[in-house]
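Student: Hey, got a minute to go through this structure with me? I'd like to get a feel for how the parts fit together.

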Amino acid sequence: MISNILVLTDFSYDAYNALFYATQLYKHQKCTFHILHAYDLNSDFKEEFKSSGKTDLMHFIDNRVTECLQETQYKIIRDTEKNALHNFITVSKNNSLENAVNYYISQNNIDLIAIGTKGKTGALDIFFGSNTIKMVKNKIGCPLLCIPKQIDYRPISQIGYITSLNHSPNQKTLKTVKSLASFYEAVLHLVHVSEDSPINTNQKNNKVLLEKDFKNTCLKYHNIPREKSIAKTVAKFAEKIGISILVISYYPHYFLDKLFREPVALDLSFYTETPLLILPIQE
């Protein structure tokens, strides 16, 4: 079961939406939500400081961060109707986001990180917000749940797990997927995007291991041919099945690296409407 969820916030609407989505996803489970904001002297509050009449920039930022975290905490408790199963902790860190997150999860038993895919800029030409990409590419050792802008929570019924089958499954990284599939009694679609050649012996063995790992889950396997774009291939399949949440393990030079480079990603409305759960690398 998931018990500790770290939610990253920049106090934007999308960050709050990610927090609210996470509380609804685990509405019926006992959880502690750790709401974290990382900042430095280049904080967005710097502009506010200039017109404040104050003289100590860092003291001003510290106070404003504390105030905004408290406001976020009060709001989420109110909006979730004081769910007795949920506890909220606010955390401020004067550090880079990556360092703050790495340190915090090393000191706390964090099961999952939740983040909005867009931040304060809300730029329409950005597929993932820069903070989301930082979390992925800096090998944060914890599952990362990316919540698209302004989506409404819907119970999970179909989970799509995209895998190359090149790596043996790891029990720690699969914990979150198992928890969701079990709690929601969801169908788990194991999806392999074919690159013309049939799967090799190693891939077949890893497929068998995954099937054993999810033996108590309604599991369906799909081997789909890759089209011109791997991103569109996945999106087309996911829309056809009605995927509620997309899962993928992050390995360099595979799906996400390609996805971040593909200009066609900007045309994929699917990825603006479906949560993406990124499982960390286990080496």
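Tutor: Sure, let's talk through the sheet, one residue and then some ring contacts. Keep in mind that this is a predicted model.

Student: Okay, the sheet. What's the strand order?

Tutor: The order is β3-β2-β1-β4-β5-β10-β9-β6-β7-β8, so to speak from one side to the other of an open sheet of 10 strands with mixed pairing.

Student: And which are the edge strands?

Tutor: β3 (86–94) and β8 (218–225), each of which pairs on one side only. On average, neighbouring strands of the sheet are turned by 25° against each other, direction ignored.

Student: How do β6 and β9 pair?

Tutor: In the parallel sense, over four bridges, with β6 covering residues 158–162 and β9 covering 245–249. Tyr161, for instance, has Val247 in β9 as its bridge partner.

Student: Which strands does helix α6 lie across?

Tutor: Helix α6 (residues 171–184) lies across β4, β6, β7, β9 and β10, and runs at about 145° to β10.

Student: Switching topic: Asn4. Buried or exposed?

Tutor: Buried, because its relative accessibility is 17% and the cut-off for buried is under 20%. Asn4 lies in strand β1 (residues 4–8).

Student: What does the side chain of Asn4 make a polar contact with?

Tutor: The side chain of His34, at 2.9 Å. The Asn4 side chain also reaches the backbone oxygen of Asn109 at 3.3 Å. Beyond four places away in sequence, the residues Asn4 touches include Thr32, Ile110, Asp111 and Leu112.

Student: Now the rings. How many aromatic pairs are there?

Tutor: Three. One of them is Tyr21 with Tyr153, edge-to-face, at 5.5 Å centre to centre and 70° between the planes.

Student: Where do Tyr21 and Tyr153 lie?

Tutor: Tyr21 is in helix α1 (residues 13–25) and Tyr153 is in the loop between β5 and β6, so the pair ties together parts 132 residues apart in sequence. Tyr21 is buried at 3% relative accessibility, whereas Tyr153 is partly exposed at 24%.

Student: And what about Phe33 and Phe88?

Tutor: That pair is stacked, because the planes are at 20°, with the ring centres 5.4 Å apart. Phe33 comes from β2 (residues 31–39) and Phe88 from β3, so parts 55 residues apart in sequence are tied together. Phe33 is buried at 0% relative accessibility, and Phe88 is buried at 9%.

Student: Last one: which ring does the charged end of Lys75 sit over?

Tutor: The ring of Tyr16, 4.9 Å from its centre. Lys207 has its charged end over the ring of Tyr221, 4.5 Å from the centre.

Terms used:
Residues numbered from 1 in each chain as written. Predicted model: local features only at pLDDT ≥ 70, side-chain atom pairs only at ≥ 80, totals over all residues. Heavy atoms only, no water. Pairing = 2+ DSSP bridges. Helix = DSSP H or I, 4+ residues; strand = E, 2+ residues; numbered from the N terminus. Axes fitted to C-alpha atoms, helices over the stretch in contact; angles between N-to-C directions. Contact = heavy atoms within 4.5 Å. Buried < 20%, exposed > 50% of the residue type's maximum accessible area, 1.4 Å probe, protein only. Polar contact = N/O pair within 3.5 Å; in protein donor to acceptor, adjacent residues only side chain to side chain. Phe/Tyr/Trp six-rings, centres within 6.5 Å; stacked < 30°, edge-to-face > 60°. Lys NZ or Arg CZ within 6 Å of the ring centre and 35° of its normal.
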